[in-house]
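Colleague: Could we take a close look at a single part of this chain, going through one residue and its surroundings with some care?

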Amino acid sequence: MKIQSDSLNSVDVDHVKELRRLKLMNSFVDVWKSPYFQEHFIMRYAFNLELAVVELFGGGLTMQQIEVVEEFYSCGGFEGARVAFPSGHGIGKTYLIGIFSSLHLLCFYSSITRIQAPKLEQVKKYSFKEINGALDQLSNHPKWGFLVKFIQRNKTLIYIKGEDTNWYIEASTAPKGDPTNLSGQHQFSYLLIFDEASGIEDKHIEASLGGLTEQYNSCIAFSQHTINRGHFHKWVTTSSKNKGGVWGGFRLSSRLSPRVLTPQLLSMIGTYNEDEQRVRLDGLNPIQEKEMLISHEDIEKAYDGKIQNKQYDQLIISYDVGFSGWRDKSYATFTEVAVEEDIHTSKVSVYQVVKHIYRLNAKGVMPVDFTTNYLLREIFDYLEKNKDKEYLTIYLVGDANVGGQEAYTRLEEILEYVDTYQFICKGIKWGSDKLYFSDKQRFFNARAKGFVLLSEGMIHDRVKVATDEYRGECTRQLSQLPFMWTSKSLYKMVAKDQMAKMNIPSPDLADCLAQNNLADLQVTSYTDIEVKKSEIEQELTKNLKNKTESVSISDFFKQK
């Protein structure tokens, strides 16, 4: 809104008297209309966010943040700017959202600021926290701190008291597929902020953009560039000013942000793969987005027979169950594992070689029957045939979701009575398995972790398949694993019901291979692998001598 005010000569005005008069007012509307407030607050700060940060909100901006502010103003600022910033981690975009919103509320008459994100909780937890922080800082200001008394702060709405329907900041989202509650928003002074814009449905964005009809209507969009389609992708590519469009903005890289410390940056570089670095560090779009996770080339490489010379002294038995009326195939894989830890960097490398694939061809077998009869015999047959391997540890990982919980529990109970081998069992629940903190920064759930690590293992020659059993089926399943990026740039596998709609059968065999990466492998730092093996063998021998009761494989089946 254009500010019409009588210029007050700062030499002649009695600042103490004017401020006292403003503080006695009962309405922010009256304060805002005051010539003194317009001259000394609005004219000073409305179009100078950098100054407002320092003088009002007690903070400071990095060079990247200053460049964002300058780009916003160069594109029209609060008078019609359209800017979109693809960014990596650690830029401080949420802090900027808080400052833009707070300044817009204070400086523009009867203004509306909408902060929209894929999830409402995201705005409440982060953006509103920054707004409240800015207002708390303002409340301590010796000159303008009294302004905060005119502001009411709720969880999803921050507004000028007495003006809650037309002068506010709102947290906004919409039910999936329903943009109706986002339309019809019109105001002379209107600031629309999209947070994690790449994850907002196009229909929701279109409904909100429909409110930008006045001169003082502006839009700011921040997001990691997670998908190669949609409005945000278009704003930073074909609709950008560089391409003749109307959208300003530029890419913000974590590598250039002083907020991202060097050790933190090095840790992320060492953790993220190429696509993750593009999206989460460099603000670039992914190369591999909503396609299949594993390429045919990488699958063929896993079958090339070039197995690295490692000490494969651990075994993972992974299984996935099917039953009548749902899926008619149950699989198990037997994978030899070598675990190496660099004693200097503590980086752990896991090498896997799939030695045997078992499939139950009989139809209509319930999960409990599969695990306690068919799979159990297959496990002992395999161990008997490979008794010369002397595995130090044997891991059993299997489907323990609703359909497989009883089968897993029964199998685990049986294996507790077998002393010939030491089994470490872990039931897998794709959606609810807890992830370590570092995993939560990459994966939506355990299923995503298992498959992404499988993919990376194949790419880097750490996963090999040394059997041609069911090779065609294995190749088909591994090559049909669609994934996507979430709005927070986390890997997320497409759900199986959605895969069915894409005419992709359930990847039961691929599930087994992915579950290998969820076994809680035991890792110890050793400079000499032979020393490790010798120590563990001595410990096992000692334990066996102390046992008074032991059940051999043959005795076990005789008992059954």
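Modeller: In this predicted model, a good place to begin is Tyr272, whose side chain makes a polar contact with the side chain of His89 at 3.4 Å. Tyr272 sits in the loop between helix 10 (262–271) and helix 11 (274–280), and with a relative accessible area of 8% it falls under the 20% limit and is therefore buried. Leaving aside residues up to four places away in sequence, Tyr272 touches His89, Gln277, Arg280, Leu281, Gln441 and Arg442. Among these partners, Gln441 is separated from Tyr272 by 169 residues in sequence, yet the two C-alpha atoms are 9.7 Å apart in space.

Turning to the nonpolar cores, the largest has 63 residues, and those with the most contacts inside it are Phe28, Phe37, Phe41, Phe100 and Trp144. Helix 6 (residues 93–107) supplies the largest share of this core, nine residues. Apart from it lies another core of 39 residues, including Tyr303, Phe443, Phe451 and Tyr491.

Phe37 also takes part in a helix pairing, where His15, Glu18, Leu19 and Leu22 in helix 1 meet Tyr36, Phe37 and His40 in helix 3. By class, this contact of helix 1 with helix 3 has four nonpolar, two polar and one charged residues. The axes of helix 1 (residues 15–23) and helix 3 (residues 35–45) come within 10 Å and cross at roughly 110°, and the two helices are therefore roughly perpendicular to each other.

Notes. Residues numbered from 1 in each chain as written. Predicted model: local features only at pLDDT ≥ 70, side-chain atom pairs only at ≥ 80, totals over all residues. Heavy atoms only, no water. Core = buried A, V, L, I, M, F, W, Y, C linked by side-chain atoms within 4.5 Å. Buried < 20%, exposed > 50% of the residue type's maximum accessible area, 1.4 Å probe, protein only. Helix = DSSP H or I, 4+ residues; strand = E, 2+ residues; numbered from the N terminus. Axes fitted to C-alpha atoms, helices over the stretch in contact; angles between N-to-C directions. Parallel < 35°, antiparallel > 145°, perpendicular 65-115°, else oblique. Contact = heavy atoms within 4.5 Å. Nonpolar A, V, L, I, M, F, W, Y, C, P; charged D, E, K, R; others polar. Polar contact = N/O pair within 3.5 Å; in protein donor to acceptor, adjacent residues only side chain to side chain.
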